[in-house]
Amino acid sequence: MSNVSRRKMTTTRIHIMALDGIVNVNSLFTLALFLGITTTSTTNTLIDADDTDCAAGTSISEGLIAFHVYSFSSFLFSSLIALALKNVINFSKEVDDGDVLGANNNNSWVHSVAKINTVVLRLGTLVSAFGSVFGCGFLVVALVDLVQIKLGTIACGSPHTFAAVAPLLVLVPSALLIYVFLVLYAFTR
């Protein structure tokens, strides 16, 4: 066994870590969405020129852009709520001069305990988490539209379209369901 003493993590620090996780993941998705919007071309497809019935119409192209924007907005909303909560936690901590200016204790104020309304903290974290869930949902719909533009509409029954869409419609909602249950479970503890 190790003689290293482990510091007990405060609830405040756990909340800050959770909020940091939400912001980091949302930032990655937001970057991906921005790149996706700027680099997506709806004119070049992999559909044969003589198979115009399977080509996606303008409504699907419009949906692609709209759902990218909805997803971007949801991730941005979620990140802003998480950052606001993090700021509330940091601003409400009791900080002594010795905590900030300690000789070998850089950023020791991060480990202090903040006195904030836990109902507001939990509600804000829940709203932020559901913003991320909605962002993922809109992103899945945008990706389904992208697949239809590139490989043909779902109505045509192309096996390539189904092979591309099936993992999106199975894996992502499954992961989101697990995420929602874990977030809700965290609030009961």
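## The overall fold

How do the elements of the protein chain run from the N terminus on? They go α-α-α-α-α. Keep in mind that you're looking at a predicted model. The tally for the protein chain is 5 helices and 0 strands, so if you go hunting for strands under the DSSP definition used here, you won't find any.

What about contacts along the chain? Take the contacts in the protein chain with a separation of 6 or more: 79% of them link residues 24 or more positions apart.

## Inside and outside

The protein chain has 189 residues, and 30% of them count as buried. On the outside, the chain exposes about 12,100 Å². Carbon and sulfur atoms supply 66% of that exposed area.

## The largest pocket

Now for some empty space. Rolling a probe the size of a water molecule over the atoms shows where empty space is left. In this model, the largest pocket has a volume of about 590 Å³.

Which helices each supply at least two residues of the pocket's lining? Those are helix H1 (11–39), helix H4 (118–151) and helix H5 (159–188). The lining is made up of 28 residues. Sorted by class, 20 are nonpolar, 6 are polar and 2 are charged. If you'd like to find the middle of the pocket on screen, look for Ala18, Ile22, Ala129, Tyr179 and Val183, which lie nearest its centre.

## A closer look at tyrosine 179

Let's pick one of those central residues. Tyrosine 179 sits in helix H5. Is tyrosine 179 buried, exposed or partly exposed? Its relative accessible area is 30%, so tyrosine 179 is partly exposed: the value falls between the 20% and 50% cut-offs.

Leaving aside neighbours within four places in sequence, tyrosine 179 is in contact with Ile22, Ala129 and Val133. Ile22 and Ala129 also appear among the residues nearest the pocket's centre. Tyrosine 179 and alanine 129 are 50 residues apart in sequence, yet their C-alpha atoms are 8.8 Å apart in space.

## A closer look at threonine 30

For another example, head over to helix H1, where you'll find threonine 30. Why does threonine 30 count as buried? Its relative accessible area is 17%, and buried means under 20%.

What does threonine 30 touch, once you leave aside its neighbours within four places in sequence? Its contacts are Phe72 and Phe75.

Methods
Residues are numbered from 1 along each chain as its sequence is written. This is a predicted model: local features need pLDDT of at least 70, side-chain atom pairs count only at pLDDT 80 or more; totals for chains, interfaces and linings use all residues. Side-chain values use heavy atoms; hydrogens and water are left out. On a 1 Å grid over the protein atoms alone, a cavity is a set of points where a 1.4 Å probe fits but cannot get out, and a pocket is an open set with protein on both sides within 12 Å along at least five of seven lines; lining residues have an atom within 4 Å of a point. Grid points are joined across faces, edges and corners, and a volume is the space filled by probe spheres set on the points. Helices (H or I, at least four residues) and strands (E, at least two) are DSSP runs, numbered from the N terminus. Ala, Val, Leu, Ile, Met, Phe, Trp, Tyr, Cys and Pro count as nonpolar, Asp, Glu, Lys and Arg as charged, and the others, Gly among them, as polar. Buried means under 20% relative accessible area, exposed over 50%, partly exposed in between (1.4 Å probe, protein chains only). Contact means heavy atoms within 4.5 Å. Accessible areas come from the Shrake-Rupley method with a 1.4 Å probe; for residues, only the protein chains shown count as cover.
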